[in-house]
2 protein chains.
Amino acid sequence: MKKAVVILSGGMDSTTALFIAKKEGYDIIPVHFNYGQRTQRRELKAFDDICEYAKITNKYIIDLPFFTQIGASALVDTHLEVPTEGIKPGIPITYVSFRNGIFLSIAAAIAEKEKACAVFIGVVEEDSSGYPDCREDFIKKMQNAINAGTKPETVIEIKTPLIHLKKEDIVKEAIKVNAPLELTWSCYKNEDEACGVCDSCRLRLKGFEKAGIKDLT
Amino acid sequence: MKKAVVILSGGMDSTTALFIAKKEGYDIIPVHFNYGQRTQRRELKAFDDICEYAKITNKYIIDLPFFTQIGASALVDTHLEVPTEGIKPGIPITYVSFRNGIFLSIAAAIAEKEKACAVFIGVVEEDSSGYPDCREDFIKKMQNAINAGTKPETVIEIKTPLIHLKKEDIVKEAIKVNAPLELTWSCYKNEDEACGVCDSCRLRLKGFEKAGIKDLT
């Protein structure tokens, strides 16, 4: 059975990507990163809940304590405020330097070890916060780097099934593949009740609203 | 003053790369990785000694506890033996999956934060253990990925001054740039006295011997 590593934060995008991978027939190996993000505890709970729901046991929880050492992002530095006034042009203060580059590099190492042929990542290019490491151009270049820097027999495709979707289409896709959206967590700020006003909450709310579906979270 | 992040393991190659960067006029930010390698304690001592020698204070020591979780390499899994019978064709058991991809990704995040324009890495392609993540083709592709996945104003060059050198030429180069080779540590196996028979010791010994220079370590 072909194997895929799936980067699973526990948000609605990565969860949908996981259930798309499952539907495509992959044996799934989810990878979660604790990188000192504000909602680390809540995201890990979402990850565990989703793995349990999908009856997955071969999973990796990877601690990355160094992101708070580098800092310079409101997601990992609590001295910086998470913006709540809506998405603006440019790269927001929640951008974590080269986060997906680091995540994909580690996922590639796990994929090589597990003899997986794909890494799924739920990045969204247009309908998103505007992070440079969510763009298709970056993903393609990262795939080239991974295949050049691993064993000759390791051939990894980075799969981004959501990259050009709008948030409402992701909600519809999630329902189509039976992704348990009610178990996911998107809020950047809080761990108890979603704030509803950070960029991530806004994108999620807009997605559900435009899709005409009720968010049960 | 232009800044460069230098990946510094504390071995002779990365130390030489650092002193080349210094000679080229960069303000140096060394980065060291504790990744659960057998000689972690000794390598960190070499790193600290070299930073002190070079009077560098802005440095990063990054803990990566997950490499031992992934395993599958004799450098991070003590159940596997470090080979001592000499370098053979193919990729050896000491290969750590995509290690330099992971190291360069993290170095890129630090470079972006520090507004550095270069990342130095002391990889050696031909006269080495044959790791796929030490090849120039990989380095170029990784540089493309890093520049695509970071802010538009972030432009990072990955510099590999040793990549096509033979070990003896690295020893000569080290002496030319006043790199303190006596402070470096190369052995894969031991932390007290270098074993002299692992691939890394063999490459080092050959380098000194062919260069006609005495190793003071």
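These are my notebook entries on a predicted model with chains A and B.

**Entry 1: fold of chain A**

I began with the secondary structure. I counted seven helices and five strands in chain A. Reading from the N terminus, I wrote the order down as β-α-β-α-β-α-α-β-α-β-α-α.

Next I looked up the dimensions. The C-alpha trace of chain A spans about 50 × 40 × 30 Å along its principal axes. I then checked the radius of gyration, which is 16 Å for chain A. A compact globule of 217 residues would come out near 17 Å, so the value agrees with that expectation.

I also looked at burial and contacts. Of the 217 residues in chain A, 57% are buried. For contacts in chain A with a separation of 6 or more, I noted that 73% join residues 24 or more positions apart.

**Entry 2: surface and charge of chain A**

The exposed area of chain A is about 8900 Å². Carbon and sulfur atoms supply 50% of that area. For charge, I noted 29 positive and 31 negative side chains in chain A. The centres of the two sets lie 3 Å apart.

**Entry 3: how the copies are related**

What rotation superposes chain A on chain B? I found 180°, with 0.0 Å of shift along the axis and an RMSD of 0.0 Å. This is the relation of a two-fold axis.

I then compared the interface residues. For chain A, 100% of them are also interface residues in chain B, so the copies meet through the same surface.

**Entry 4: B:Ile102, with contacts in both chains**

I placed B:Ile102 in helix 4 of chain B. Its relative accessibility is 0%, so I logged B:Ile102 as buried. Which residues does B:Ile102 contact, leaving aside neighbours within four places in sequence? From chain A I listed A:Ser105, A:Ile106 and A:Ala109. From chain B I listed B:Phe66, B:Phe67 and B:Ser97. I also took the C-alpha distance from B:Ile102 to B:Phe138, which is 12 Å across 36 residues of sequence.

**Entry 5: B:Phe98 and B:Arg99**

I moved back along chain B to B:Phe98. This residue lies in the loop between helix 3 (67–70) and helix 4 (99–114). Its phi is near 50°, a positive value in a residue other than glycine. I noted this since most residues other than glycine have a negative phi. Is B:Phe98 buried or exposed? With a relative accessible area of 0%, B:Phe98 is buried.

B:Arg99 is in helix 4 of chain B. I found B:Arg99 buried as well, at a relative accessible area of 11%; the cut-off for burial is under 20%. Not counting residues up to four places away in sequence, B:Arg99 touches B:Tyr35, B:Phe67, B:Leu75, B:Tyr131 and B:Asp133. Its C-alpha lies 9.9 Å from that of B:Pro132, with the two positions 33 residues apart in sequence numbering.

**Entry 6: A:Ala72**

I looked for a positive phi in chain A and stopped at A:Ala72. Its phi is near 65°, and the residue is not glycine. A:Ala72 sits in the loop between helix 3 (67–70) and helix 4 (99–114) of chain A. Its relative accessibility is 46%, so A:Ala72 counts as partly exposed.

**Entry 7: the loop between strand 4 and helix 5**

I looked up one residue of this loop in each chain.

In chain A I took A:Cys134, in the loop between strand 4 (118–120) and helix 5 (136–148). A:Cys134 is buried, with a relative accessible area of 11%. Beyond its neighbours within four places in sequence, A:Cys134 is in contact with A:Asn100, A:Val123, A:Val124, A:Glu125 and A:Ile163. I also checked A:Pro65, 69 residues away along the chain. The C-alpha atoms of A:Cys134 and A:Pro65 are separated by 22 Å.

In chain B I took B:Gly122, in the loop between strand 4 (118–120) and helix 5 (136–148). At 14% relative accessibility, B:Gly122 counts as buried. Which residues does B:Gly122 contact, leaving aside neighbours within four places in sequence? I listed B:Asp13, B:Ser14, B:Ala17 and B:Leu162. I then took the C-alpha distance to B:Ser9. B:Gly122 and B:Ser9 are 113 residues apart in sequence and 9.2 Å apart in space.

Methods. Residues numbered from 1 in each chain as written. Chains lettered and ligands numbered in written order. Predicted model: local features only at pLDDT ≥ 70, side-chain atom pairs only at ≥ 80, totals over all residues. Heavy atoms only, no water. Helix = DSSP H or I, 4+ residues; strand = E, 2+ residues; numbered from the N terminus. Rg over C-alpha atoms; globule rule 2.2 N^0.38 Å. Buried < 20%, exposed > 50% of the residue type's maximum accessible area, 1.4 Å probe, protein only. Contact = heavy atoms within 4.5 Å. Areas by Shrake-Rupley, 256 points an atom, 1.4 Å probe, with all protein chains shown as cover. Lys, Arg positive; Asp, Glu negative; His and termini not counted. Charge placed at Lys NZ, Arg CZ, Asp CG, Glu CD. Least-squares fit on C-alpha atoms with pLDDT ≥ 70 in both.
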